[in-house]
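Work through the exercises below with the sequence and the structure at hand. Each task is followed by a solution in steps.

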Amino acid sequence: MTTVRTGLPVNQGSLRLHDENAPSRCNSCAQPVGAWATDRLTGLLGRWGWDDQAPEVYQRAQRRWEQVALLMIDLDRFKKINDEYGHPAGDVVLTDVATVLTAHTRPTDLVCRHGGDEFLVLLPRTTGTEAAVVADGILRSIRALQTEITTNDGYHLTLRHQTASIGVAAHVPAAQDTLIDLVRDTDAALQRAKRSGRARVQVHDPSTFAADRKADATALHHLMALQDLMSSDQLPQVLVALSDGAKTAEELLSLLGPRVILTLERLQDNGFVLRRAARYELTAAAREWITDVLPAVAAWTTRHHGQVQ
């Protein structure tokens, strides 16, 4: 399916905002449901609407012992669109994606713009296999989009080949389960899709979840070591020592000392750290280190694998 849009308003009548039994007004503030539950840009459920309605859908599945599935959709490299063409262009892409999501879901499904370029779709009475089919259709339709935009410089362009990474998880909720358990499983699948190259659907596999958690913990230790190095007075020494190219372990030991060498050893899996850096809030200095200095560290560790005693 190819969807062509020119930035026209989304047809609100086609969007599933809430369950048919939901109240028309908020019990606490008396505002219409759509006024606080809906994302103003896309017409989908917003974060507040999701937090209000999704737990009820999940609990209904729990009471009835029914399958429930969740999709987590993240647009690949969406920030680049905002940076290169402007936020109004990015907004048109988001409304296009909202149209795709509503075209592939049912009136009983909850479709939410959870924030930025991340979307959630809660599918009651849906198995993991069925949810993966829905996700695959969404993925193909997003790639087929042809989005007409106007850049901040006034140029008219057609954006094509937008991709997304989609995580999928499903289960029959046990008595002790909560919606957050399903969200965590789906997020784990999404992160695995991103690590595998993006532009794909990844179904949650419990057997790989523990390994992913261990890998993420290792990456976090690397980044913590990086932060420690950034906040210490050792940084000038490291920059000077690496400024004229790779060094042997013995040379670095004499220049920097064993503590800095240990930190560099912990950071030697350069690609592993880079792939996960966006998941953690780093200082400006740490981001500069990742961009400008870690390649030199990687070059050193690639050429010199000797362990420092």
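**Exercise 1: Two residues with positive phi**

Trp-65 lies in the loop between helix H2 (47-64) and strand E2 (68-75). The model is a predicted one.

Task: State what is unusual about the phi of Trp-65 and of Arg-198, and decide whether each is buried, partly exposed or exposed.

Solution.
1. Trp-65 is not a glycine, yet its phi is positive, about 55°.
2. This residue comes just after H2.
3. Its relative accessible area is 65%; exposed means over 50%, so Trp-65 is exposed.
4. Arg-198 is not a glycine either, and its phi is about 65°. Arg-198 sits in the loop between helix H6 (179-195) and strand E8 (201-203).
5. The relative accessibility of Arg-198 is 31%. Partly exposed covers the range between under 20% and over 50%, so Arg-198 counts as partly exposed.

**Exercise 2: Helix H2**

Task: Check the end-to-end span of H2 against its number of residues, then find where H2 bends.

Solution.
1. H2 has 18 residues.
2. The expected span is 1.5 Å times one less than the number of residues, so H2 should span 26 Å.
3. The end C-alpha atoms of H2 are 26 Å apart, which agrees.
4. The helix does bend, by about 30° at Gln-53. A proline, Pro-55, follows within four residues.
5. Gln-53 is also one of the buried residues of H2, among them Trp-50, Val-57 and Tyr-58.

**Exercise 3: The sheet**

Task: Give the strand order of the five-stranded sheet, name its edge strands and describe what packs on the sheet.

Solution.
1. The sheet is open, its order is E3-E4-E2-E7-E8, and the pairing is mixed.
2. Strand E3 (110-115) and E8 are the edge strands, since each pairs on one side only.
3. On average, neighbouring strands are turned by 20° against each other, direction ignored.
4. E3 pairs with strand E4 (residues 118-124) in the antiparallel sense, over five bridges. Leu-110 has Leu-122 in E4 as its bridge partner.
5. Helix H4 (residues 87-103) packs on the sheet and touches E2, E3 and E4. The direction of H4 makes about 155° with that of E2.

**Exercise 4: Confidence**

Task: Give the average pLDDT of the chain and find stretches where pLDDT is below 50.

Solution.
1. The average is 75, and 56% of the residues score at least 70.
2. Residues 1-23 have pLDDT below 50, with 47 contacts beyond near neighbours in sequence.
3. Over residues 300-309 pLDDT also stays under 50, and the model has 18 contacts beyond four places in sequence for them.

Note on methods: Residues are numbered from 1 along each chain as its sequence is written. This is a predicted model: local features need pLDDT of at least 70, side-chain atom pairs count only at pLDDT 80 or more; totals for chains, interfaces and linings use all residues. Side-chain values use heavy atoms; hydrogens and water are left out. Helices (H or I, at least four residues) and strands (E, at least two) are DSSP runs, numbered from the N terminus. Buried means under 20% relative accessible area, exposed over 50%, partly exposed in between (1.4 Å probe, protein chains only). pLDDT is the predictor's confidence in each residue, from 0 to 100. Contact means heavy atoms within 4.5 Å. Two strands pair if DSSP finds at least two bridges between them. Axes are lines fitted to C-alpha atoms, for helices over the stretch in contact, and angles run from 0 to 180 degrees between N-to-C directions. The bend at a residue is the angle between axes fitted to the seven residues ending there and the seven starting there.
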